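Please walk through this protein with the model open beside you. Start with the whole chain, then turn to single residues.

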Amino acid sequence: MRKKYIVRLTEEERQKCQEVIRKLKGTSQKVRRAQILLKADADGPAWTDQRIAEAFGCRRQTVEKIRQRFVERGFEETLEGKSRSGPPGNKILDGEVEAKIIAARLGPPPAGYGQWTLRLLARRLVELKVVESISHETVRRALKKTRSRRGRSSTG
């Protein structure tokens, strides 16, 4: 089968890939991408996708995607990886909601319970319409964050 995406590295790109590999410069993903590009180079070893995948412990589709990205988006984006356009996710809690979590935690637990559980706190926050929905894990992280702030000493 004839390849749709042919990798042809310039001498400068080849040297940059070799430097990344030699110095292990960057993430392990970057090093692997550099290795794949070097072996896929039509003017170099020109290995098959299957042989590259076996040599570097990845899937054939990974090699195909790297070839495609190189042709469509260029050397830099292929080697460095795509950068995020924004933060990884929206912040679930702001300072006001965190304060309400702490306030609820400091209050008495519901009748029939000896102490607050994370799930009880999450349910109470929804009942009080502080948030539309919240998981017990998010409550745990918020409480842990405030605990670590309190635990710091000024002499430390």
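What follows moves from overall form to cysteines, loops and one buried leucine.

This is a predicted model. Begin with the secondary structure. The protein chain has 8 helices and 0 strands. Read from the N terminus, the order is α-α-α-α-α-α-α-α.

Now look at the overall dimensions. How does the radius of gyration of the protein chain stand against that of a compact globule? For 156 residues, a compact globule would come out near 15 Å. The protein chain has 26 Å instead. Its C-alpha atoms fill a box of roughly 75 × 45 × 25 Å along the principal axes.

Burial and contacts come next. Of the 156 residues in the protein chain, 31% are buried. Take the contacts between residues at least 6 apart in sequence: 50% of them join residues at least 24 apart. The accessible surface of the protein chain is about 11200 Å². Carbon and sulfur atoms account for 48% of that surface.

Charge is worth a look too. The protein chain carries 37 positive and 19 negative side chains. The centres of these two sets are 7 Å apart.

Turn to the cysteines. How many disulfides does the structure hold? The count is 0. Cys 17 is in no disulfide, and the nearest cysteine sulfur, that of Cys 58, lies 15 Å away. A disulfide needs sulfur atoms within 2.5 Å, so this pair does not qualify. Seen from the other side, Cys 58 is likewise in no disulfide, with the sulfur of Cys 17 as its nearest cysteine sulfur. Are these cysteines buried or exposed? Cys 17 is buried, at a relative accessible area of 0%. Cys 58 has 17% relative accessibility. The cut-off for buried is under 20%, so Cys 58 counts as buried.

Next, the loops. Two residues there deserve a check of their backbone angles. Ala 46 sits in the loop between α2 (28-40) and α3 (49-56). Its phi is near 55°, a positive value in a residue other than glycine. Ala 46 has 41% relative accessibility and counts as partly exposed. The second residue is Lys 129, in the loop between α7 (118-127) and α8 (136-151). Lys 129 is not a glycine, yet its phi is positive, at about 60°. Is Lys 129 buried or exposed? Its relative accessible area is 70%. Exposed means over 50%, so Lys 129 is exposed.

Finish with Leu 93. Where is Leu 93 found? Look in the loop between α5 (75-80) and α6 (95-106). Leu 93 is a buried residue, with a relative accessible area of 8%. Which residues does Leu 93 contact, leaving aside its neighbours within four places in sequence? They are Glu 98, Ile 101, Ile 134, Thr 138 and Ala 142. Now compare a position much earlier in the sequence. Ile 6 and Leu 93 are 87 residues apart along the chain. Their C-alpha atoms are separated by 47 Å.

Put the pieces together. The chain is built with 8 helices and 0 strands. Its radius of gyration is 26 Å, where a compact globule of 156 residues would have one near 15 Å. Within it, Cys 17 is buried, and so is Leu 93, whereas Lys 129 is exposed.

Methods. Residues numbered from 1 in each chain as written. Predicted model: local features only at pLDDT ≥ 70, side-chain atom pairs only at ≥ 80, totals over all residues. Heavy atoms only, no water. Helix = DSSP H or I, 4+ residues; strand = E, 2+ residues; numbered from the N terminus. Rg over C-alpha atoms; globule rule 2.2 N^0.38 Å. Buried < 20%, exposed > 50% of the residue type's maximum accessible area, 1.4 Å probe, protein only. Contact = heavy atoms within 4.5 Å. Areas by Shrake-Rupley, 256 points an atom, 1.4 Å probe, with all protein chains shown as cover. Lys, Arg positive; Asp, Glu negative; His and termini not counted. Charge placed at Lys NZ, Arg CZ, Asp CG, Glu CD.
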